[in-house]
Amino acid sequence: MTNKYFRVIVGVMLLLSVALTYFVHQNWMWFGVFIGVNLIQSAFTKWCLLETILMKLGVKK
């Protein structure tokens with residue numbers, strides 16, 4: 001279940017980053033870069049802040 005929420009939240013955040021970059025200001029691109037770097041970091045360290053937050057909110061694995 002965590003994986004499903006994780007994918008939805010990350011997808012929405014990336015789409016939001018693209019929309020903000022297009023409609024507001026180019027510097028919102030860095031929000032998408034930040035998300036991508038965190039995904040890469042979590043692949044190597046096996047730790048993700050979003051997953052920790054979801055677990056504390058009571059989402060079952």
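This passage describes the fold, the nonpolar core, the largest pocket and selected residues of a predicted model.

The chain contains three helices and zero strands. Read from the N terminus, its elements follow the order α-α-α. Helix H1 covers residues 2-23, helix H2 covers residues 29-45, and helix H3 covers residues 49-56. Along the principal axes, the C-alpha atoms occupy a box of roughly 35 × 20 × 15 Å. The chain has 61 residues, and 20% of them count as buried. Among contacts with a separation of 6 or more, 57% join residues that are 24 or more positions apart.

The largest nonpolar core consists of seven residues: Phe-6, Val-10, Ile-35, Cys-48, Leu-50, Leu-54 and Val-59. Two or more residues of this core are given by each of helix H1 and helix H3. In soluble globular proteins, nonpolar side chains tend to be buried together. Cys-48, a member of the core, is in contact with Phe-6 and Ser-42 when neighbours within four places in sequence are left aside. Of these two partners, Phe-6 is itself listed in the core, while Ser-42 is a residue of helix H2.

The largest pocket encloses about 270 Å³ of space. Two or more residues of its lining come from each of H1, H2 and H3, and the largest share, six residues, is supplied by H2. The lining comprises 14 residues, and those nearest the centre of the pocket are Phe-34, Asn-38, Cys-48, Leu-49 and Leu-50. Sorted by class, twelve of the lining residues are nonpolar and two are polar, with no charged residues. Cys-48 and Leu-50 are thus found both in the largest core and among the residues nearest the pocket centre.

Two residues of helix H1 were examined in turn. Thr-2 is found in this helix. With a relative accessible area of 7%, Thr-2 falls under the 20% cut-off and therefore counts as buried. A polar atom of the Thr-2 side chain lies 3.1 Å from the backbone oxygen of Lys-60. Apart from residues up to four places away in sequence, Thr-2 touches Glu-51, Leu-54, Met-55, Val-59, Lys-60 and Lys-61. Leu-54 and Val-59, two of these partners, also belong to the largest nonpolar core.

Tyr-5 lies in helix H1 as well. Its relative accessibility is 40%, which lies between the cut-offs of 20% and 50%, so Tyr-5 counts as partly exposed. With residues up to four places away in sequence not counted, Tyr-5 touches Leu-54 and Val-59. The C-alpha atoms of Tyr-5 and Val-59 are 8.5 Å apart in space, although the two residues are separated by 54 residues in sequence.

In helix H2, Ser-42 was considered. The relative accessible area of Ser-42 is 15%, and because this is under 20%, the residue counts as buried. A polar atom of the Ser-42 side chain lies 2.9 Å from the backbone oxygen of Leu-39. Beyond residues up to four places away in sequence, Ser-42 touches Trp-47 and Cys-48. The contact with Cys-48 links Ser-42 to a residue of the largest nonpolar core.

Key: Residues numbered from 1 in each chain as written. Predicted model: local features only at pLDDT ≥ 70, side-chain atom pairs only at ≥ 80, totals over all residues. Heavy atoms only, no water. Core = buried A, V, L, I, M, F, W, Y, C linked by side-chain atoms within 4.5 Å. Buried < 20%, exposed > 50% of the residue type's maximum accessible area, 1.4 Å probe, protein only. Helix = DSSP H or I, 4+ residues; strand = E, 2+ residues; numbered from the N terminus. Contact = heavy atoms within 4.5 Å. 1 Å grid on protein atoms, 1.4 Å probe; cavity = no way out; pocket = protein on both sides within 12 Å on 5 of 7 lines; lining within 4 Å. Points joined across faces, edges and corners; volume = space filled by probe spheres on them. Nonpolar A, V, L, I, M, F, W, Y, C, P; charged D, E, K, R; others polar. Polar contact = N/O pair within 3.5 Å; in protein donor to acceptor, adjacent residues only side chain to side chain.
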